[in-house]
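Here's a quick briefing to read with the coordinates open. Have a look at the model first, then go through the topics below.

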Amino acid sequence: MRIDARHLLDRLGRNDFAYKEFEDRFTELELWPMFEALLRDPRLQMLDAAEGMTPSAPKEEVTHVAPAEPFGALFNRYGRSGEDAESPPSERRGAQPQDVRAMLRHLSDLGSRGEI
Amino acid sequence: MPVIVCHALKGGAGTTFMAAHVAMALSESGAEVTMLTMARRDSLPLHFGLQPALTLPSLYAPTEDAVVAAGIDLRSHVRAAEDPDFIPSLRDLGFLETGMDRVLVMDVPAGDTTFARTVVPHSCAHLCVVNATPDTLALTPQALDEATPENLLRTSFVINALDETRRLSRHAAAFIRELVGPRLLGRVRLDESVPEAIASLQPLSRYAPSSAALSDARAVGAALLPMLDRPGKPWTARGPQSASSASRAA
């Protein structure tokens, strides 16, 4: 039981509540064809146009420093092996179409490490 | 003045809620915040505990007509999308040039996609509010395809109304998290306190100070703070507002 849940129940003086943690089972992601369809959508590949682009100053006064990794690279990494996923974004350009199973493995790893 | 544009892929995502609470978080961080809504059917006042019959003053209305809640100047400009002089007007009013502790938060309706594309280049950040639902996910490729690369560079995401007790919701959130990576500023959990606060005509911070959604929304506001910086000119607040100022919600 999570410590915050335990504290809450202690404060309420109730110990007879049913408690359930909703653990993610990332392998079940494969049950949703929409995820695979989205990852294969060619329009997402067009985001490579933003890759390597330096954020320009806003048209008026304001400037935002954008994250270094472009969208295209984010999508591309799903199609790479675990080692490739460690490589810098610039080395992942031109990745092959996404492998949903690789993405699921990655999600599962994150889940097992408690990072997601 | 840094400008933050709040705009969603589709209606009903909770953009107004997020915009209001981002504005409140920035105000609590010491910013002088003006909030501008472009929605014709506007629910913004409700998130500040104001009466539903209240009509917000125009962007161009004099100071004496201002509606100030939680220390935030609430304004409306429903014709902004058709106003060719909107951006020059913002400049003329000093919204784009003045003090670094001033912030303009815009609530742009989901349907005004063309207007959003026009205004985002003038912003320091575009906060895209999404729900962890399949219909929102299905719209993502189209929305990203329509966005310019320059606008995408300014875009960050927040998952709103996340129900972690639902399997599909959790999976969709995990998918979004992987998809956008560090661009995801956070998630706001589904919380019945939000509509209850509106029904009680109270701001969420007063109705349910321990609300999960309130805590999450504050975290998103804090995550936005670094985006207010300009190269060589870090954004600086005047310091946290006093409790009396922060509780000025009408």
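Let's start with a strand that is covered on both faces: in β6(B), A125(B), L127(B) and V129(B) on one side are buried, and so are H126(B), C128(B) and V130(B) on the other. Keep in mind that this is a predicted model, and that confidence in chain A is a topic of its own: the mean pLDDT there is 60.

**Strand β6 of chain B and its partners**

- β6(B) spans residues 125-130, and six of its six residues are buried.
- In a regular strand, side chains alternate between the two faces of the sheet. The two sets of β6(B) fit that picture, with A125(B), L127(B) and V129(B) on one side and H126(B), C128(B) and V130(B) on the other.
- One partner of β6(B) is strand β1 (residues 3-8) of chain B, and the two pair in the parallel sense over five bridges.
- If you want a residue to anchor your view of that pairing, take H7(B), which stands opposite C128(B) in β6(B).
- β6(B) also pairs with strand β7 (residues 155-162) of chain B, in the parallel sense and over five bridges.
- Here V130(B) has I159(B) in β7(B) as its bridge partner.

**Two buried threonines in chain B**

- T16(B) sits in helix α1 (residues 15-28) of chain B.
- Is T16(B) buried or exposed? T16(B) counts as buried because its relative accessibility is 15%, and the cut-off for buried is under 20%.
- Leaving out residues up to four places away in sequence, T16(B) touches S43(B), L44(B), H47(B) and D107(B).
- T34(B) belongs to strand β2 (residues 32-37) of chain B.
- With a relative accessibility of 5%, T34(B) counts as buried too.
- Which residues does T34(B) touch, not counting those up to four places away in sequence? They are I72(B), D73(B), R75(B), F95(B), V103(B), L104(B) and V105(B).
- For a sense of distance, T34(B) and M227(B) are 193 residues apart in sequence, and their C-alpha atoms are 17 Å apart in space.

**Salt bridges**

- How many salt bridges does the structure hold over all chains? There are twelve.
- One of them is in chain A, where E36(A) and R40(A) form a salt bridge with their closest N and O atoms 3.3 Å apart.
- E36(A) is partly exposed, at 34% relative accessibility, and R40(A) is partly exposed as well, with a relative accessible area of 45%.
- In chain B, the side chains of E150(B) and R154(B) meet in a salt bridge at 3.2 Å, N to O. Both E150(B) and R154(B) are buried.
- Another salt bridge joins E164(B) and R187(B), whose closest N and O atoms are 3.5 Å apart. This pair links distant parts of the chain: E164(B) is in the loop between β7 and α6 (167-180) of chain B, while R187(B) is in strand β8 (residues 184-189) of chain B, 23 residues apart.
- E164(B) counts as partly exposed because its relative accessible area is 34%, and R187(B) is partly exposed at 27%. Salt bridges that share partners tie E164(B), R187(B), R189(B) and D216(B) into one network.

**Chain A: make-up and surface**

- Chain A has six helices and zero strands, so to speak α-α-α-α-α-α when you walk along from the N terminus.
- Of the 116 residues of chain A, 34% count as buried.
- Chain A exposes about 7,400 Å², with carbon and sulfur atoms supplying 50% of that area.
- Among chain A contacts between residues at least 6 apart in sequence, 42% join residues at least 24 apart.

**Chain A: confidence**

- Along with its mean pLDDT of 60, chain A has 29% of its residues at 70 or more.
- Where in chain A is confidence lowest, and where highest? The lowest mean, 44, is in helix α5 (residues 82-86) of chain A, and the highest, 88, is in helix α2 (residues 33-39) of chain A.
- Over residues 60-75 of chain A the pLDDT is below 50, and this stretch has 60 contacts in the model beyond near neighbours in sequence.
- Residues 77-97 of chain A also have pLDDT below 50, with 35 contacts in the model beyond near neighbours in sequence.

Methods: Residues numbered from 1 in each chain as written. Chains lettered and ligands numbered in written order. Predicted model: local features only at pLDDT ≥ 70, side-chain atom pairs only at ≥ 80, totals over all residues. Heavy atoms only, no water. Helix = DSSP H or I, 4+ residues; strand = E, 2+ residues; numbered from the N terminus. Buried < 20%, exposed > 50% of the residue type's maximum accessible area, 1.4 Å probe, protein only. Contact = heavy atoms within 4.5 Å. Areas by Shrake-Rupley, 256 points an atom, 1.4 Å probe, with all protein chains shown as cover. Pairing = 2+ DSSP bridges. Salt bridge = Lys/Arg side-chain N within 4 Å of Asp/Glu carboxyl O. pLDDT = per-residue confidence, 0-100.
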